[in-house]
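Me: I should like a close look at a single part of this protein chain. Please place that part in its wider setting before turning to the detail.

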Amino acid sequence: VAFTINHQHWSPEATTERYIIAIVELPEQEGLRQTTNIVNCELDEVHIGMPVRVVFERLDDVAVPLFEPDR
């Protein structure tokens, strides 16, 4: 639905690499949207309408949903 490429280094612990923040609309329900990161994708490849699939990143005892291109 929408995305931006983050350039801001928010804290000393945060990455200095640019990364993609997106609002992904889930196909299971029209209007159901998730704010997330797009991973495993070059910054210039991301575009609105790009098919994506969920992947999970483990952080301690929680699995965080992220999205990658569905190629």
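How many helices and how many strands does the secondary structure of the protein chain come to? With that settled, please examine the surroundings of T36 in strand β3.

Reply: The model is a predicted one. Its protein chain has 0 helices and 5 strands, and the order of elements from the N terminus is accordingly written β-β-β-β-β. Along the principal axes, the C-alpha atoms fill a box of roughly 40 × 30 × 20 Å. The chain contains 71 residues, of which 20% are buried. Its accessible surface amounts to about 5500 Å², and carbon and sulfur atoms contribute 51% of that area. Among contacts with a separation of 6 or more, 29% link residues 24 or more positions apart. As for charge, there are 5 positive and 13 negative side chains, with the centres of the two sets 3 Å apart.

The residue in question, T36, belongs to strand β3, which spans residues 33-38. T36 counts as buried because its relative accessibility is 6%, below the 20% cut-off for that class. Neighbours within four places in sequence being set aside, T36 is in contact with I20, I21, A22 and V24, and also with P65, L66 and F67. One of these residues, P65, also offers a polar partner: its backbone oxygen lies 3.2 Å from a polar atom of the T36 side chain.

The residues P65, L66 and F67 lead to the next element, since strand β5 covers residues 62-69. Strand β5 runs antiparallel to strand β4, residues 52-59, and 8 bridges join the two. Within this pairing, L66 is the bridge partner of V55. The two strands form a hairpin with 2 residues between them, and D60 in the turn has a positive phi of about 55 degrees.

A further view of the hairpin is given by V39, which lies in the loop between β3 and β4. V39 counts as partly exposed because its relative accessibility is 21%. Apart from neighbours within four places in sequence, V39 is in contact with V55, L66, F67, E68 and P69. The bridge partners V55 and L66 are thus both among the contacts of V39, while L66 and F67 are also among those of T36. Finally, the C-alpha atoms of V39 and V54 are separated by 9.9 Å, the two residues being 15 apart along the chain.

Note on methods: Residues numbered from 1 in each chain as written. Predicted model: local features only at pLDDT ≥ 70, side-chain atom pairs only at ≥ 80, totals over all residues. Heavy atoms only, no water. Pairing = 2+ DSSP bridges. Helix = DSSP H or I, 4+ residues; strand = E, 2+ residues; numbered from the N terminus. Buried < 20%, exposed > 50% of the residue type's maximum accessible area, 1.4 Å probe, protein only. Polar contact = N/O pair within 3.5 Å; in protein donor to acceptor, adjacent residues only side chain to side chain. Contact = heavy atoms within 4.5 Å. Areas by Shrake-Rupley, 256 points an atom, 1.4 Å probe, with all protein chains shown as cover. Lys, Arg positive; Asp, Glu negative; His and termini not counted. Charge placed at Lys NZ, Arg CZ, Asp CG, Glu CD.
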